[in-house]
Amino acid sequence: MFAKDRIVAEGHHNVRATHRTTLEITKDDYLTPRGDCIVGIKANKGLADLDEKVKSIIRAGGYVYLVLKVGELIDIIKGRGDPRLSLSDPNKLIARKSEFVSPNTLMVRANKSARDIDRRIVEA
C-alpha cells in the first residue's frame, strides 16, 4: 500500500539542525536557537492534518519516508510507523530515531535525525 501527503514549510536563520535523535517540522512562525531539532517552520500542516490514508499506513507499522526538498537539494529520512502513534498533534511532526511515542511523533526508528541532514539543505 502506498500513500503520500505534502507538507510545505519555511527555513529560518536559527535552523541549526544539530539534534542527535529527532527532527521536527512545526507550524510555529518563530524559532529560537534552542530549537536544534527543527528544520522547518510555518508548516501548512501538523500531524492531525495528514491524509487519512497516510495515517492508516503509519498506524499499521508501515514504512514512512520524509523527503526534504529545498530547491534542487533532496534528503530522505526513512522510519517506521507504529500502532501506538495517535498522529494527533495539530502543530508538529517529529521523526525519532528512538521508539518513543507521543502525539507529535510521525515515525519511530528513523535512520536520520536533524544533525544527519545534508548540511547544504540546512544552510539553504
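This report describes the largest nonpolar core of a predicted model and the strand pairing around strand 1.

In this predicted model, local features need pLDDT of at least 70 and side-chain atom pairs count only at pLDDT 80 or more, while totals for chains, interfaces and linings use all residues. Residues are numbered from 1 along each chain as its sequence is written, and side-chain values use heavy atoms, with hydrogens and water left out.

A nonpolar core is a set of buried Ala, Val, Leu, Ile, Met, Phe, Trp, Tyr and Cys residues joined through side-chain atoms within 4.5 Å; buried means under 20% relative accessible area with a 1.4 Å probe, protein chains only. The largest such core has 29 residues, and Leu-23, Leu-66, Leu-68, Ile-77, Leu-106 and Met-107 have the most contacts inside it. Strand 3 (63–70) is among the elements that each supply at least two of its residues, and the largest share, three residues, comes from strand 3. Helices (H or I, at least four residues) and strands (E, at least two) are DSSP runs, numbered from the N terminus.

Beyond its neighbours within four places in sequence, Leu-66 is in contact with residues including Leu-23, Ile-25 and Ile-77, where contact means heavy atoms within 4.5 Å.

All five residues of strand 1 are buried: Thr-22, Glu-24 and Thr-26 lie on one side, Leu-23 and Ile-25 on the other. In a regular strand the side chains alternate between the two faces of the sheet. Strands pair if DSSP finds at least two bridges between them; the pairings of strand 1 are tabulated below.

| Partner | Sense | Bridges | Residues facing each other |
|---|---|---|---|
| Strand 5 | antiparallel | five bridges | Thr-22 and Arg-96 |
| Strand 2 | parallel | two bridges | Ile-25 and Gly-40 |

Key. Buried means under 20% relative accessible area, exposed over 50%, partly exposed in between (1.4 Å probe, protein chains only).
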